[in-house]
Amino acid sequence: MAKTTQLILEILNAEKERLFQYASYRLHDIRDVEDVLQNIYVKILDNPQRFNKIENKRAYLYRTLSNECTDYLRSHVKTRFIDDESFDESNLETLQPENFEEEFTMINRLLAILPQEQSDTIRLRHHSNLSFQEIADVMDVPLPTAKARYRYGLEKIRNGLKKMNLI
């Protein structure tokens, strides 16, 4: 039992920075991120035998975190999504970041124009450095679907930026 717990703690420790980063981009508040991460750590450590049986532990961690973030957002935050027509100059005038916080805000504004599954795919790929197979496992979709969501999301962002002559 102690050996299993030790292995779990090693896995959690190895992924903690990426898990934190992914949750930060989803939740935007460090206190909320800490709460959600603590919840998944407790869930995993409360049932080490179940976690030990899971084949792809990394994908499981991100799927659990994604679900926790989604549950948190549903119960605590009202999200306002932007449609494609709203992607105009008034929304993009301030997209030249001068520091990390501005860059963070810019990235989130760009991802807000996308459907949730596309923005989550991009976040998992870039911020958590997951492979497309791991993203497919996390999102419980076939590999081609994960790749398509990523591609379509980037195309929407690219097209919006081209409309504004920002790229």
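Of the 167 residues of the protein, 41% count as buried. The model discussed here is predicted, and the values below were computed from it. The protein contains nine helices and zero strands, and along the sequence the pattern therefore reads α-α-α-α-α-α-α-α-α. The accessible surface comes to about 10100 Å², and carbon and sulfur atoms account for 48% of that surface. Contacts across the chain give another view of the fold: among those between residues at least 6 apart in sequence, 67% join residues at least 24 apart.

Helix H4 is a good place to begin a closer look. This helix covers residues 57-76 and has 20 residues. From its first C-alpha to its last, H4 reaches 28 Å, close to the 28 Å expected at 1.5 Å a residue. The buried residues of H4 are Lys57, Arg58, Ala59, Leu61, Tyr62, Thr64, Leu65, Ser66, Glu68, Cys69, Tyr72 and Leu73. In reading such a list, it helps to recall that an α-helix has 3.6 residues a turn, so residues three or four places apart point the same way. The cover over the buried residues of H4 includes H1, H7 and H8, together with helix H2 (30-46) and helix H3 (48-53).

Aromatic rings offer one kind of link between helices. The structure holds three aromatic pairs. One of them is formed by tyrosine 22 and tyrosine 62, with an edge-to-face arrangement. Here the centres are 6.3 Å apart and the planes meet at 75°; this angle counts as edge-to-face because it is over 60 degrees. Tyrosine 22 belongs to helix H1 (residues 2-27) and tyrosine 62 to H4, so the pair ties together parts that are 40 residues apart in sequence. Tyrosine 22 and tyrosine 62 are both buried.

Rings can also have a charged neighbour. The charged end of arginine 125 sits over the ring of phenylalanine 132, at 4.6 Å from the ring centre. In a second case, arginine 151 lies over the face of tyrosine 152, and the distance to the ring centre is 4.7 Å.

Salt bridges come next, and the structure holds eight of them. In one, the side chains of aspartate 120 and arginine 26 meet with an N to O distance of 3.5 Å. Aspartate 120 lies in helix H7 (residues 116-126) and arginine 26 in helix H1, so this salt bridge ties together parts that are 94 residues apart in sequence. Are the two partners buried or exposed? Aspartate 120 has a relative accessible area of 5% and arginine 26 one of 4%; both count as buried because these values are under 20%.

Two further salt bridges bring the text back to H4. Arginine 58 forms a salt bridge with glutamate 134, and the closest N and O atoms are 3.0 Å apart. This pair links distant parts of the chain, with arginine 58 in helix H4 and glutamate 134 in helix H8 (residues 132-139), 76 residues apart. Both arginine 58 and glutamate 134 are buried. The other salt bridge joins aspartate 140 to arginine 63, with 3.3 Å between the closest N and O atoms. Arginine 63 is in helix H4, whereas aspartate 140 is in the loop between H8 and helix H9 (143-163), and the pair links distant parts of the chain, 77 residues apart. Aspartate 140 is exposed, with a relative accessible area of 54%, while arginine 63 is partly exposed, with a value of 29%. Salt bridges that share partners also join Glu15, Arg58 and Glu134 into one network.

Finally, two loop residues deserve a look at their backbone angles. Most residues other than glycine have a negative phi. Which sign does phi take in histidine 28? The value for histidine 28 is positive, near 70°, in a residue other than glycine. Histidine 28 is found in the loop between H1 and H2 and is partly exposed, with a relative accessible area of 45%. Its C-alpha atom is separated by 9.3 Å from that of threonine 105, a residue 77 places away along the chain. Threonine 105 has its place in helix H6 (residues 100-112) and is partly exposed, at 42% relative accessible area. Asparagine 129, which is not a glycine, also has a positive phi, of about 60°. Asparagine 129 sits in the loop between H7 and H8, and at 45% relative accessibility it counts as partly exposed.

How values were computed:
Residues are numbered from 1 along each chain as its sequence is written. This is a predicted model: local features need pLDDT of at least 70, side-chain atom pairs count only at pLDDT 80 or more; totals for chains, interfaces and linings use all residues. Side-chain values use heavy atoms; hydrogens and water are left out. Rings of Phe, Tyr and Trp (its six-membered ring) pair if their centres lie within 6.5 Å; planes under 30 degrees apart count as stacked, over 60 as edge-to-face and the rest as tilted. Helices (H or I, at least four residues) and strands (E, at least two) are DSSP runs, numbered from the N terminus. Buried means under 20% relative accessible area, exposed over 50%, partly exposed in between (1.4 Å probe, protein chains only). A charge sits over a ring if NZ of Lys or CZ of Arg is within 6 Å of the ring centre and within 35 degrees of the ring normal. A salt bridge is a side-chain nitrogen of Lys or Arg within 4 Å of a carboxyl oxygen of Asp or Glu. Contact means heavy atoms within 4.5 Å. Accessible areas come from the Shrake-Rupley method with a 1.4 Å probe; for residues, only the protein chains shown count as cover. The expected span of a helix is 1.5 Å times one less than its number of residues.
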